[in-house]
Amino acid sequence: KELDQRTSGDVPTLTLDLTEIDASMAYSVGGKNANLGELRNMLDMPVPRGFAITIRAGSIFLLRTPGLFKSIYSLLRSIDPEKPNSISAIARQVEQIICEAPVPQEVEEALLKAWDMAYGDDPQMVAALRSSAIAEDGVQSFAGQYRSLLGVTRHELIPAFKAVVASLFSPRALAYRSEHGYALDATGMGLCCLEMVRSRAAGVAFSRHPVDLRSNSIVINGLWGLGEMVVDGSGTPDQWLVSRATQKITMATIAHKTVRLRLARTKSGTVESTLDPVPDPLRDVPCLSDDQVRKLAGM
């Protein structure tokens, strides 16, 4: 009885617009989608347009595509956890099999319909396609182990979907699951398709200091361009500490910023992220104004 009260049940659809999602739906859409829906619909935050690809859609692709999961399973069974090289080799084979497999028609049609419903027919529209797996941010954190693709167009949506689902079996993810006692043959992968902001600056904000537990500060990190260099640690960001009590900026550390990540459309029509030099006048200038810092802290 106790468990029944807490089980919201599976969502029968293959996609859901973010306007339809809240935190109780993590079991069906994964934690990332559930939290974005909560931020948008319960807290009225300015979350970009987007939609969730449910766990069900990923499972149909992996389990109902003829012969696909049988091939994956036979490869996974040959892994020797004591030999890291075997994990890498098998992972590459599994990812290749998934990326070459056809997506069931019902899944492909649902994804393209969700794109059109969320974004209309804007030919310039590009999205970020990110994993939103069930256990991604649970007791054991899978954060950063699955793929995120930036600059995805409607034309690239289906191959991008396969590439992100395939990252369930990346060498890092397989080694992590093996080490922590998870089944290697996981099929619980939801995805989040979110409109890409044409960002002048981007980064990460923490509602509490992630390292200094005694601090009562909000921490905001940012760089010029896209935020991936903040997330993966390849760039040194500007950093602000803001008092939770007074909303005043208590410290600002401005980095010397030489490169930025931007989206550029290639001659073939695809969109790729490229490293560009930061213009000289902006290299030692804060990427956010004090007013923008305080506005973020307020959120």
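These legends describe close-up views of a predicted model.

**View 1. A salt bridge joins E195 and R49.**
The whole structure holds 9 salt bridges. In this one, the N to O distance between the two side chains is 2.9 Å. E195 belongs to strand β5, residues 189-195. R49 sits in the loop between α3 (31-41) and β2 (50-53). The partners are 146 residues apart, so the pair links distant parts of the chain. E195 is partly exposed, at a relative accessible area of 24%. R49 is also partly exposed, at 37%. Side chains of opposite charge can pair when their charged atoms come close.

**View 2. R64 and E106 bridge two helices.**
Their side chains form a salt bridge, with 3.7 Å from N to O. R64 lies in helix α4, residues 55-64. E106 lies in helix α7, residues 105-119. The pair therefore ties together parts of the chain that are 42 residues apart in sequence. Is R64 buried or exposed? R64 counts as exposed, because its relative accessibility of 52% is over the 50% cut-off. E106, at 42%, counts as partly exposed.

**View 3. D276 and R262 form a salt bridge between two strands.**
The closest N and O atoms of this pair are 4.0 Å apart. D276 is part of strand β11, which covers residues 271-277. R262 is part of strand β10, which covers residues 259-265. The two residues are 14 apart in the chain. Both side chains belong to partly exposed residues: D276 has a relative accessible area of 25%, and R262 has 39%.

**View 4. Helix α8 is mostly covered.**
This helix spans residues 157-166. Of its 10 residues, 9 are buried. Among them are L157, I158, A160 and F161. The buried set also includes a lysine, K162. A163, V164, V165 and A166 are buried too.

**View 5. L129 and F161 sit in the largest nonpolar core.**
This core has 50 residues. Which of them touch the most other members? They are L129 and F161. Leaving aside neighbours within four places in sequence, L129 is in contact with residues from several stretches of the chain, including I53, R147, S148, L149 and V152. Its contacts in helix α8 include L157, A160, F161 and V164. L191, C192 and C193 are also in contact with L129. A second, separate core has 13 residues. Its members include M45, V47, A52 and L194. In soluble globular proteins, nonpolar side chains tend to be buried together.

**View 6. F61 and F161 form a tilted aromatic pair.**
The structure holds 4 aromatic pairs. In this pair, the ring centres are 5.6 Å apart and the planes meet at 50 degrees. F61 comes from helix α4, and F161 from helix α8. They are 100 residues apart, and the pair links distant parts of the chain. F61 is buried, with a relative accessible area of 0%. F161 is buried as well, at 0% relative accessibility.

**View 7. W115 and Y119 meet edge-to-face.**
Their ring centres are 4.8 Å apart. Why is the pair edge-to-face? The planes stand at 80 degrees, and an angle over 60 counts as edge-to-face. W115 and Y119 are 4 residues apart in helix α7, so about one helical turn separates them. Both residues are buried. F51 joins W115 and Y119 in one aromatic cluster.

**View 8. Strands β6, β7, β8 and β9 form an open sheet.**
The 4 strands are ordered β6-β7-β8-β9, with antiparallel pairing. Which strands stand at the edges? They are β6 (201-206) and β9 (249-253). Each has a single partner strand, so one side of each is left without a neighbour in the sheet. Neighbouring strands are turned by 15 degrees against each other on average, direction ignored. Between β6 and β7 (residues 217-224), 6 bridges are found. The bridge partner of F206 in β7 is V219.

Note on methods
Residues numbered from 1 in each chain as written. Predicted model: local features only at pLDDT ≥ 70, side-chain atom pairs only at ≥ 80, totals over all residues. Heavy atoms only, no water. Buried < 20%, exposed > 50% of the residue type's maximum accessible area, 1.4 Å probe, protein only. Pairing = 2+ DSSP bridges. Axes fitted to C-alpha atoms, helices over the stretch in contact; angles between N-to-C directions. Core = buried A, V, L, I, M, F, W, Y, C linked by side-chain atoms within 4.5 Å. Contact = heavy atoms within 4.5 Å. Phe/Tyr/Trp six-rings, centres within 6.5 Å; stacked < 30°, edge-to-face > 60°.
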